[in-house]
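Here is a short report on one protein chain. Take a look at the model, then read on.

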Amino acid sequence: MESALREQFGPNAKNHLLIFSHYIPCTMSGHNCADVIKSYATCLSNRVYVGYESVYNQTSKRMATKTMRDDDVMVIQLD
């Protein structure tokens, strides 16, 4: 998909990944979705944004937010 974007709009085209979720990506062992998004963002040259509504009861909002923001993932709580 990224190569098609660059082919159509040129090599300097910038793209962003937007993720919307009911829950903030988790920090639960065995899943650790926040860390997966962090790792993915590290591999990309574009920005990643995560929007969420709630925090699952087994997830640390502080830890999830810090994990993702360490690699410039923009985390936004939606109302």
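## Thr 65 in helix H3

In this predicted model, a polar atom in the side chain of Thr 65 sits 2.8 Å from the backbone oxygen of Lys 61. Thr 65 belongs to helix H3. Is Thr 65 buried or exposed? Its relative accessible area is 13%. The cut-off for buried is under 20%, so Thr 65 counts as buried.

Which residues does Thr 65 touch, leaving aside those up to four places away in sequence? They are Ile 24 and Val 75. Val 50 is a further reference point: 15 residues separate Thr 65 from Val 50 in sequence, and their C-alpha atoms are 9.8 Å apart in space.

## The chain as a whole

Now step back. The chain has three helices and three strands. Along the sequence they follow the pattern α-β-α-β-α-β. The C-alpha trace spans about 45 × 25 × 20 Å along its principal axes.

The chain has 79 residues, and 29% of them are buried. Its accessible surface comes to about 5,600 Å². Carbon and sulfur atoms account for 53% of that surface. Consider next the contacts in the chain with a separation of 6 or more: 73% of them join residues 24 or more positions apart.

## Helix H1 and the glycine after it

Helix H1 covers residues 2-9. How many of its eight residues are buried? The number is zero, so H1 lies largely in the open. Gly 10 comes just after H1 and takes a positive phi of about 100°.

## Helices H2 and H3

Two packed helices are described by the angle between their axes and the distance between the axes. Helix H2 spans residues 33-43, and helix H3 spans residues 61-69. Their packing angle is about 10°, and their axes are 8 Å apart. An angle under 35 degrees counts as roughly parallel. H2 and H3 are therefore roughly parallel to each other.

Which residues meet where these helices pack? H2 brings Ala 34, Asp 35, Ile 37 and Lys 38. H3 brings Ala 64, Thr 67 and Met 68. By class, this contact has four nonpolar residues, one polar residue and two charged residues.

## The loop between E1 and H2

Strand E1 (16-23) is joined to H2 by a loop, and Thr 27 has its place there. Thr 27 has a relative accessible area of 16%, so Thr 27 is buried. Where does the side chain of Thr 27 reach? It reaches the backbone nitrogen of Ser 60, at 3.2 Å. Leaving out residues up to four places away in sequence, Thr 27 touches Asn 32, Ala 34, Thr 59, Ser 60, Met 63 and Ala 64. Two of these names appeared above: Ala 34 in H2 and Ala 64 in H3.

Asn 32 lies in this loop too, between E1 and H2. Its relative accessibility is 29%, so Asn 32 counts as partly exposed. Most residues other than glycine have a negative phi. For Asn 32, however, phi is near 45°, a positive value in a residue other than glycine.

## Phe 20 on strand E1

Phe 20 is found in strand E1. Is Phe 20 buried or exposed? Its relative accessibility is 63%, and Phe 20 therefore counts as exposed.

Phe 20 still has contacts. Among residues more than four places away in sequence, Phe 20 touches Gly 51 and Leu 78. Glu 53 is 33 residues from Phe 20 in sequence, while the C-alpha atoms of the two are 8.7 Å apart.

## Asp 72 before strand E3

Where is Asp 72? Asp 72 lies in the loop between H3 and strand E3 (73-77). With 54% relative accessibility, Asp 72 counts as exposed. Exposed means over 50%.

Asp 72 touches Arg 47 and Val 48, not counting residues up to four places away in sequence. Arg 47 is 25 residues from Asp 72 along the chain, and their C-alpha atoms are separated by 7.4 Å.

Conventions. Residues numbered from 1 in each chain as written. Predicted model: local features only at pLDDT ≥ 70, side-chain atom pairs only at ≥ 80, totals over all residues. Heavy atoms only, no water. Axes fitted to C-alpha atoms, helices over the stretch in contact; angles between N-to-C directions. Helix = DSSP H or I, 4+ residues; strand = E, 2+ residues; numbered from the N terminus. Parallel < 35°, antiparallel > 145°, perpendicular 65-115°, else oblique. Contact = heavy atoms within 4.5 Å. Nonpolar A, V, L, I, M, F, W, Y, C, P; charged D, E, K, R; others polar. Buried < 20%, exposed > 50% of the residue type's maximum accessible area, 1.4 Å probe, protein only. Polar contact = N/O pair within 3.5 Å; in protein donor to acceptor, adjacent residues only side chain to side chain. Areas by Shrake-Rupley, 256 points an atom, 1.4 Å probe, with all protein chains shown as cover.
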